[in-house]
Amino acid sequence: MARLAGRAPLRFSTQTLLLQLGVVALVVLLSAAVHAWLTYERLGREAENQALTLARTVASDPEVRAEVQQISAQPGTPPRAELLTGPLMAAAEGARTRTGALFVVITDETGLRLAHPDAERLGERVSTDPSEALAGKEVTTRNTGTLGPSAGAKVPVFAPGSEAVAGEVSVGYSTETIGQSLARDIVPIALTAAGALLAGVLASFLLRRRLQRLTLGLEPEEISTLVHDQVAVLQGVDDGVIGVSADGRISVFNAAAQRLLGQPDLAGTPWAAAPVPAQLKALTRADAAEGDAVEFVAGARILVASARKALHGREDLGWVVMLRDRTELQQLTRQLDAVGTMSTALRAQRHEFANQLHTIAGFMSIGQHQQAREYVARLAATGPLKFPVDQAELLQDPYLQAFLGAKGVEADERGVSLRLGPETLVRGQVTEPQEVTTVLGNLIDNAVNAAVAGSAAERWVEVEVLDGPGAGGAGAGPGTLHIVVGDSGDGLPAAVAGGAEGDDVFAEGFTTSERPVRAGAGQGLGLALARQLARRRGGDVRVLERGSPGGPGAVFMATLPGTTSHGNKPDERDNDV
């Protein structure tokens, strides 16, 4: 491990010790602070209760009640000199002196002081709000008045023989006195905290010594190097890795393999009984050629798998199976093909549009303004370039129009006419365009290839698309898209098994192309992927007609539930589906 110039890094054991000491010190300090705060709060509550008791005692004194009632009944307030020598001042100061209170204040019914430790304050209104006490309520308070911060209480003074409030008594104890009491109580708190800190330090040193013995003095970086390579290979790559031990059990099933195959961790499961595709198990047979790759569909993914023997010297350790995801690559290839097709269509449209502009300019130059207007009107009605798919207006969904238009341009370049069947009618909107184009695109591509390879003089592909209500009827939920694709080819080969439905064409790896299937090329997966996508939604892709040599060719039908919206009114043609 590289070291900083001029300074050696602290060893892990030292770092751990310092961290433990810091944590112990922090915990001890927080505990001491909380204990001190709770003690302060307890002393404050005790001071409030003591003030409340003293205030009740003073307020219940018959002499005080009578004197306060007498002063409150008089107009105005007696002079300061009279209050200073009066019985209320004597009673308040006597109680304050006996109990050590900061102040004992008596007021009339308006809050004017009748007794106060500071003679200069007599006759003035109290500095804190007396309204609650004058309303007949007893309250405890913590505030700062003219004599400083205090914890106290306010108690109403009732007139003799009635429930009328004649004044109030306010008693307070200085919070500085509470702080002094806390200072006396903090000594055992500090001793307890120091003892806990010492015990934590000792435990940290003992733990450090034990850690050094268990790790033989090695640093974590040195220990992690022992397993770093294995973790980096198994978990640090996007490819799936499956290790099969020599005794036929799965020893490694990394996270990427779980994600690609949609399985939990199968480590420890017998390889022969593992719920993985049969193509993977075939790679590890004794007669399998090492390094061969197979391409297959797992869920909605296209995967390429290969297997190699794991040897250590002459010891057979089993097999290592590698999985690579080619789904995004296949999708990107289809997108690039669509972009290329649309680019070709746009170039043709630009050329045609230039010709039309020349025609308009010619009419204008020879003065044929009426013919120019008629020509422009026809262009506005039909567009600058004839759409390669007739009756595209039957598809109200713009996504389907654009997609079939691009496929029509692509088919036209190969000498195949793409047309819509008479039963075509799509009134809703496609809600799952990716799955619809995957299924529809694969069927059209296969049909175009069959038409090009067929022996018929006229090469064509006919597509019928019809949307219908969901399983619960109109208005019950997302609609179902029905797709039928036929071509002018020579039909399915006679060697294809599976009866009238020709199920073998949906097997992974099946292709009618004369070129050999190459791993990663995407051949032989289109129909298998389309059927899996449809069945995952509760639909299906099947063969309606196998076709015959000389044409017409095979007819495929796909049903895709829940792929369209059906907000429009139902049409009578729904009964034809």
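This is a conversation about how some labels are earned in a predicted model.

Student: Let's begin with K154. Where does K154 sit, and what makes K154 a residue without a salt bridge?

Tutor: K154 belongs to strand β4, residues 148-158. The nearest side chain of opposite charge is that of E168, 4.5 Å away. A salt bridge needs a side-chain nitrogen of Lys or Arg within 4 Å of a carboxyl oxygen of Asp or Glu, so K154, although buried, has none.

Student: Which side chains make polar contacts with K154?

Tutor: T128 does, at 2.8 Å, and S170 does, at 3.4 Å. The cut-off for a polar contact is 3.5 Å, so both pairs fall within it. The residues that K154 touches also include D129, A133, K137 and V169.

Student: Now to helix α2. How do you know that its span fits the expected one?

Tutor: Helix α2 covers residues 62-73, which is 12 residues, and reaches 16 Å from its first C-alpha to its last. That is close to the 16 Å expected at 1.5 Å a residue.

Student: What makes the buried residues of α2 line one face?

Tutor: The buried residues are V64, V68, I71 and S72. Seen down the axis of α2, they fall within an arc of 100°, so they line one face of the helix. On the other side, P62, E63 and A73 are exposed.

Student: Why is D61 said to cap α2?

Tutor: A side-chain oxygen of D61 lies 3.1 Å from the backbone nitrogen of E63, at the N-terminal end of α2. The limit for a polar contact is 3.5 Å, so this pair qualifies.

Student: How many salt bridges are there in the whole structure, and why is the pair E138 and R56 called one?

Tutor: The search finds 15. For E138 and R56, the closest N and O atoms are 2.8 Å apart, and the cut-off is 4 Å, so the pair counts. E138 lies in the loop between α5 and β3 and R56 in helix α1, so the pair ties together parts that are 82 residues apart in sequence.

Student: What about D540: which residues form salt bridges with D540, and are they buried or partly exposed?

Tutor: R531 pairs with D540 at 3.6 Å, and R535 pairs with D540 at 2.9 Å. Buried means under 20% relative accessible area, so R531, at 9%, is buried. R535, at 45%, counts as partly exposed, and D540, at 22%, is also partly exposed.

Terms used:
Residues are numbered from 1 along each chain as its sequence is written. This is a predicted model: local features need pLDDT of at least 70, side-chain atom pairs count only at pLDDT 80 or more; totals for chains, interfaces and linings use all residues. Side-chain values use heavy atoms; hydrogens and water are left out. Helices (H or I, at least four residues) and strands (E, at least two) are DSSP runs, numbered from the N terminus. Buried means under 20% relative accessible area, exposed over 50%, partly exposed in between (1.4 Å probe, protein chains only). Lys and Arg count as positive and Asp and Glu as negative; His and the chain ends are not counted. A polar contact is a pair of N or O atoms within 3.5 Å; within protein, one must be able to donate a hydrogen and the other to accept it, and residues adjacent in sequence count only if both atoms are side-chain atoms. Contact means heavy atoms within 4.5 Å. The expected span of a helix is 1.5 Å times one less than its number of residues. The arc is that of the directions from the helix axis to the C-beta atoms. Lists of a residue's contacts leave out its neighbours within four places in sequence.
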